[in-house]
Amino acid sequence: MAPNSVAVTMEKPDNFSLLEINGSDPSSFPDKRKSISPKQFSWFLLLKAHRVVSCLSWLVSSVKKRIAFSAKNINEEEDPKSRGKQMYRFIKACLVISIIALSIEIVAHFKKWNLDLINRPSWEVYGLVEWSYMAWLSFRSDYIAPLVISLSRFCTVLFLIQSLDRLVLCLGCFWIKFKKIEPKLTDESIDLEDPSSFPMVLIQIPMCNEREVYEQSIGAASQLDWPKDRILIQVLDDSDDPNLQLLIKEEVSVWAEKGVNIIYRHRLIRTGYKAGNLKSAMTCDYVKDYEFVTIFDADFTPNPDFLKKTVPHFKGNPELGLVQARWSFVNKDENLLTRLQNINLCFHFEVEQQVNGVFLNFFGFNGTAGVWRIKALEESGGWLERTTVEDMDIAVRAHLNGWKFIYLNDVEVTCELPESYEAYKKQQHRWHSGPMQLFRLCLPSIIKSKISVWKKANLIFLFFLLRKLILPFYSFTLFCIILPLTMFIPEAELPLWIICYVPIFISLLNILPSPKSFPFLVPYLLFENTMSITKFNAMISGLFQFGSAYEWVVTKKTGRSSESDLLAFAEKEEKLHRRNSESGLELLSKLKEQETNLVGQETVKKSLGGLMRPKNKKKTNMVFKKELGLAFLLLTAAARSFLSAHGLHFYFLLFQGLSFLVVGLDLIGEQIS
C-alpha cells in the first residue's frame, strides 16, 4: 500500500468491505460543514443584542430601585455635620468643571483644534467659541498647569515614600521567615500539674447590642482551658435593649450553673463607649486579685488553649506588658467585600504587626484577642475615653512608659468581617479618624517622653504620619482628584509608572501574605483607591476635630451560630426550660407571649413592662453620594482620555470609575432584597 494511501474499514452485521483511497486529494472528502445563511447570522446577532439589552435594562432597573429604596434613608444615614458635606460639595464642583471642560474638548476635537491655537495670531481666530478655547488653553498653561504639576509631584514623593515603607516591611517579614525568628518562652514555665502555679487571669467581654454573637463569645470564653479558681469572666453588657439584657443574663446564668466563674455587669450610665465600659469594669474591688486581663470582643471565639499559649510569655519577662494574638475570619470567602478585607488584614497581621513586634517590641493594640499585664495598664493611666481608638491610645501610652509588646502570629482567634459596605465604611471611618485625634493629643507626650530618639521618630513619622495621615491623603488626592484633572491639563499628565507599575507592585506585596487572593489583584487595587475617599474624609475629621470624629457605631455582626431571631428564641426557650425556678418560668411565658401576639404589640409591650424588643427599621442597601460623584468624575475623565487615545490612562480611569459606581450603588458586599 502506498505511503499516502488511506484504508477505511466499515463493519456491518453481515459483510465487510475495504475501501482504499490513493492520494491526499481533499476533494475525495466532501466538505460536510454546514454553511451559515445570512438569515441565521442575523438571528444570531439579534439574540446577542437582546441579551445585552436585557442585561442593561436589568442594571438600570436595579439602579432605579436602589435609588428609590435609599432616598428615604440617605439623609438619615449621612448627616451633613457628620459625613463631610463640604467634601461632597468639593467633589460636585470638580465634576461640574470636568463636564464643562469635556464639552469644550469635544467641540475642539471635532473641529480639529489643537495646541497650535496658542501661537496663532488673534486676527486668525474665527468665532467666539474658538477664541474662548484659545483663552482657556493660555490660562491653563500659565496658571493651572504649574499648580497641578507641583501638587502631583508632592503627592508622588509621598507615594514613593509610603511604597518604600511597604517594601521595607515586606523585607523584614522575609527576614523573619528566613531566620525563623519567633517569640521564645523563658526557661521558667507554668507547672501544668500544679493549678496554684497558674496566674490569676481576668477575661473581659465588652458588648453592646450584640444579639447575633453574644452566645458564641460567652461560650468560647467559658471553655478556656484554665483552672476554674484562677479565672474570672466579666460579661460587660452595654446593651440598651432590656429584652437582650435578659437573654445575656440568662446565658451567663447557664454557664455559672456549670461551675464557670462568670459574672454579668451592666452600666447604668453608658458613657465613653468601649473605653468607658472597660474603665468601669477595672474599678471593681476584686480586680486587684488578678495579674492579667484578656479582652475579647463579642464576635471573637478563642480556642480553649488560648491562655496556655499566651500567658506563659509573661513568665520571667517583667518588662512585657502585652501579648497580642492574630485574627482569623470565619466569613472571609462570603463575598467580594470580605475577600478584599481579608487581603488588607492578612498583610496587617502577617507583616506590619509581626515586623514591628520583632524589631521594635511595639505595635498598635488591636483592641481584642490580647492579654495585658494589669500593672502595665494601671501605670499607663488605664483606659481613657478621649478618642474612639482606646486600644491604640493605651498602646502608645504603655510604649512611652517603657513596656514591651509581643505578637504571636501562630495564635489565632476567629472573628467576623463586616459583610455589608455600609458597616465596613463606618468601621473604617472610626479606624482612620481616631488615630488623628490621638496624634493631636499624644504629640506633646511623645516629645517629652524619655524613650530614645529613634522610637520617638518611629512613633511620629512612621506610626502616625506616614501610615495614618500620608497614606489616605496621597491615595485620594493623587488617584481620585489629580489624575482625572490631568486629562484636561495635558501639561501635568502623570507617567504610567505612577498609575500602573508601582501600584501593581505594591498591591502584589500586599497580597503576598494571602496567596489565594492573587486572582483578586485588580479588584483589590481598584477597591483600595475607592476606599480612599472614606479614609481621607475620616482623617480630616480626626485631624481637625470635626463632629464625625467622635462617632462610634457598633459594627454589624451576622452571627453564624444564630441566623435568625426565631432560632435564637427557640434556643433560649430550651435553656429556660432547664431552669426550674419560678422566675425562669415567668420569663419564658412572657417571651412566648411576645413572640405569638404580634398583632397586639402595644398591649404586649405594656404587659411586659417595656421588655418588648424594639422594632428594627427595615434594612435596605444604601446609595453613597460621594462615591457616585467620584464615579462620574472619573468616567468623565475617561471620556476625555478616550478622545486623546491615552491607552492605559483611559482603561485605568474607566475601571476605577466603574469601581466607584459599584460601591456608590452599594452593589458590593451583602445585598438585601
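These questions and answers walk through a predicted model of one protein chain.

Reader: How many helices and strands are in the chain?
Author: The model is predicted. The chain has 673 residues, and 50% of them count as buried. Its secondary structure comes to 19 helices and 9 strands.

Reader: Among contacts between residues at least 6 apart in sequence, what percentage join residues at least 24 apart?
Author: Contact here means heavy atoms within 4.5 Å. Taking pairs at least 6 apart in sequence, the share that joins residues at least 24 apart is 78%.

Reader: Are H12 and H14 parallel, perpendicular or oblique to each other?
Author: H12 covers residues 453-486 and H14 covers residues 521-543. Their axes lie 8 Å apart, at an angle of about 130°. Angles over 145 degrees count as roughly antiparallel and 65 to 115 as roughly perpendicular, so the rest of that range is oblique. H12 and H14 are therefore oblique.

Reader: Does H12 pass H14 in a left-handed or a right-handed crossing, and which class of residue has 10 members in the contact?
Author: The crossing of H12 past H14 is left-handed. On the H12 side the contact includes Lys468, Leu469, Pro472 and Phe479; on the H14 side it includes Glu528, Lys535, Phe536 and Met539. By class, the contact of H12 with H14 has 4 polar residues, 3 charged ones and 10 that are nonpolar.

Reader: Is Lys535 buried or exposed, and which residues does it touch?
Author: Lys535 sits in helix H14. Its relative accessibility is 12%, and the cut-off for buried is under 20%, so Lys535 counts as buried. Leaving out residues up to four places away in sequence, Lys535 touches Gln428, His432, Pro472 and Glu528.

Reader: Why is the pair of Phe479 and Phe652 tilted, and how many residues apart are they?
Author: The ring centres are 6.3 Å apart and the planes stand at 50°, so the pair counts as tilted. Both Phe479 and Phe652 are buried. Phe479 belongs to H12, and Phe652 to helix H19, residues 648-664. Along the chain, the separation of this pair is 173 residues.

Reader: What kind of aromatic pair do Trp372 and Phe405 form?
Author: The structure holds 26 aromatic pairs. For Trp372 and Phe405, the centres are 5.7 Å apart and the planes are at 75°. Planes over 60 degrees apart count as edge-to-face. The pair of Trp372 and Phe405 is edge-to-face.

Reader: Which strands does that pair tie together?
Author: Trp372 and Phe405 are both buried. They are 33 residues apart in sequence, and each lies in a strand, so the pair ties together E8 (residues 370-373) and E9 (residues 404-415).

Reader: Which aromatic cluster includes Trp372 and Phe405?
Author: One cluster takes in both residues. Its other members are Phe300, Trp327, Phe349, Phe362, Phe363, Phe365, Tyr407, Phe439, Phe463 and Phe464.

Reader: How many residues of helix H4 are buried?
Author: H4 spans residues 214-222. Its buried residues include Tyr214, Glu215, Gln216 and Ser222. The helix is largely enclosed by the rest of the structure, because the buried count is 9 of the 9 residues.

Reader: How are H4 and H5 arranged, and what is the handedness of their crossing?
Author: The axes of H4 and H5 (residues 242-257) come within 10 Å and cross at roughly 20°. That makes H4 roughly parallel to H5. Tyr214 and Ile218 of H4 are among the contact residues, as are Leu247 and Trp255 of H5. The crossing of H4 and H5 is right-handed.

Reader: Where does Asn361 lie, and what is its phi?
Author: Most residues other than glycine have a negative phi. Asn361 lies in the loop between helix H8 and E8. Its relative accessible area is 27%, so Asn361 is partly exposed. The phi of Asn361 is positive, near 55°.

Reader: Is Asp666 buried or exposed, and what is its phi?
Author: Asp666 lies in the segment after H19. Its relative accessible area is 3%, so Asp666 is buried. Asp666 is not a glycine, yet its phi is positive, at about 60°.

Reader: What distance separates the C-alpha atoms of Met622 and Gly664?
Author: Met622 is in the loop between H17 and H18. Met622 is buried, with a relative accessible area of 2%. Met622 and Gly664 are 42 residues apart along the chain, and their C-alpha atoms are separated by 8.2 Å.

Methods
Residues are numbered from 1 along each chain as its sequence is written. This is a predicted model: local features need pLDDT of at least 70, side-chain atom pairs count only at pLDDT 80 or more; totals for chains, interfaces and linings use all residues. Side-chain values use heavy atoms; hydrogens and water are left out. Axes are lines fitted to C-alpha atoms, for helices over the stretch in contact, and angles run from 0 to 180 degrees between N-to-C directions. Helices (H or I, at least four residues) and strands (E, at least two) are DSSP runs, numbered from the N terminus. Angles under 35 degrees count as roughly parallel, over 145 as roughly antiparallel, 65 to 115 as roughly perpendicular and the rest as oblique. A crossing is left-handed if the near helix is turned anticlockwise from the far one by less than a right angle, and right-handed if clockwise. Ala, Val, Leu, Ile, Met, Phe, Trp, Tyr, Cys and Pro count as nonpolar, Asp, Glu, Lys and Arg as charged, and the others, Gly among them, as polar. Rings of Phe, Tyr and Trp (its six-membered ring) pair if their centres lie within 6.5 Å; planes under 30 degrees apart count as stacked, over 60 as edge-to-face and the rest as tilted. Buried means under 20% relative accessible area, exposed over 50%, partly exposed in between (1.4 Å probe, protein chains only).
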